[in-house]
Amino acid sequence: MPFSTERQNAQRRVTFMPRSVGLALVMLAPLALGGCSWLGMGGDDRDDAVMAIEAARPKPCPTVGVLDGADRITVFNGQGRDITDVIVKAEISKAVVACEYDIDDSTISVDLAFNGLAEMGPAARSSDMNLKGFLAVTRIDGKKVSKQIYDIPVSFDEGSRQVRFLKSIEQTVVPYGGEVDGSIYEFLIGFQVTQSQLDYNRKAQVAPLR
């Protein structure tokens, strides 16, 4: 199904609450239904109450993970693979995700962010660099939905060899409906590494940056 990385205008949006709040609503559901009956509500009114409670329950966001082998990158100057040929090294530390269900459009708008650490190498000629990262959206059945490439700018302060970076990617929209919800999607992030960089990551004994 098609989707857009831009959020569509909608008449009604539902932001699902933290699990603790959602659980409280579920626990109150029997009381709410009982109250409806006590007040003489039944039939369609009762169905509306059930639907309202179901709508208020939190729905799952897609999972987010770092693709194996793309969690770090080492950029060389093209003269060799010695430590003196390294321009920059970087690694992704942590990723988080949040989402919002649009009931009218049957879509899920997903925001994610990840952070990491970059280290300037001996071959660097500038304190401002730009790495490439990606976001790949897949389904748990193996179907590929999309892949987008993003810039990850890093700037080192004068006299500093390391810098922490934060990258956010907002409002990636995927469809849902029926038996499909956020749990069928997996958002994979990583550096856009070349085959040689991927091979280096797999073979080299690289200590985590600190």
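Begin by selecting strand 1 (63–66) and strand 8 (residues 185–191), which run parallel and are joined by four bridges. Strands here are DSSP runs of E of at least two residues, helices are runs of H or I of at least four, and both are numbered from the N terminus; two strands are taken to pair if DSSP finds at least two bridges between them. The model on display is a predicted one, in which local features need pLDDT of at least 70 and side-chain atom pairs count only at pLDDT 80 or more, while totals for chains, interfaces and linings use all residues. Residues are numbered from 1 along each chain as its sequence is written, and side-chain values use heavy atoms, with hydrogens and water left out.

Stay with strand 8 and show its partners residue by residue. Val-64 stands opposite Phe-187, and Val-66 has Ile-189 as its bridge partner. Now add strand 5 (residues 128–139), which runs antiparallel to strand 8 and is joined to it by seven bridges; here Ala-136 stands opposite Leu-188. Strand 8 is mostly covered, with six of its seven residues buried, where buried means under 20% relative accessible area, exposed over 50%, and partly exposed in between, for a 1.4 Å probe and protein chains only.

Next, widen the selection to the whole sheet, an open one of four strands in the order 1-8-5-6 with mixed pairing. Strand 1 and strand 6 (144–155) stand at its edges with a single partner strand each, so one side of each is left without a neighbour in the sheet. Neighbouring strands are turned against each other by 20 degrees on average, direction ignored, the axes being lines fitted to C-alpha atoms (for helices over the stretch in contact) and angles running from 0 to 180 degrees between N-to-C directions.

From the sheet, turn to the largest pocket, which holds about 280 Å³ of space. Of its 17 lining residues, the closest to the centre are Leu-67, Phe-134, Ala-136, Lys-144 and Lys-147. A pocket is an open set of points on a 1 Å grid over the protein atoms alone, where a 1.4 Å probe fits, with protein on both sides within 12 Å along at least five of seven lines, and lining residues have an atom within 4 Å of a point; the volume is the space filled by probe spheres set on the points, which are joined across faces, edges and corners. Strand 5, strand 6 and strand 8 each supply at least two lining residues, and the largest share, four residues, comes from strand 5.

Then select Cys-61 and Cys-99, which form a disulfide with their sulfur atoms 2.1 Å apart, the cut-off for such a pair being within 2.5 Å. Cys-61 lies in the loop between helix 2 (44–56) and strand 1, and Cys-99 in strand 3 (residues 86–102), so the pair ties together parts that are 38 residues apart in sequence. The torsion about the S-S bond is about -90 degrees, so this disulfide is left-handed. Cys-61 counts as partly exposed at 26% relative accessibility, whereas Cys-99 is buried at 14%.

Finally, show the protein as a whole, with its three helices and eight strands and with buried residues making up 34% of its 210 residues.
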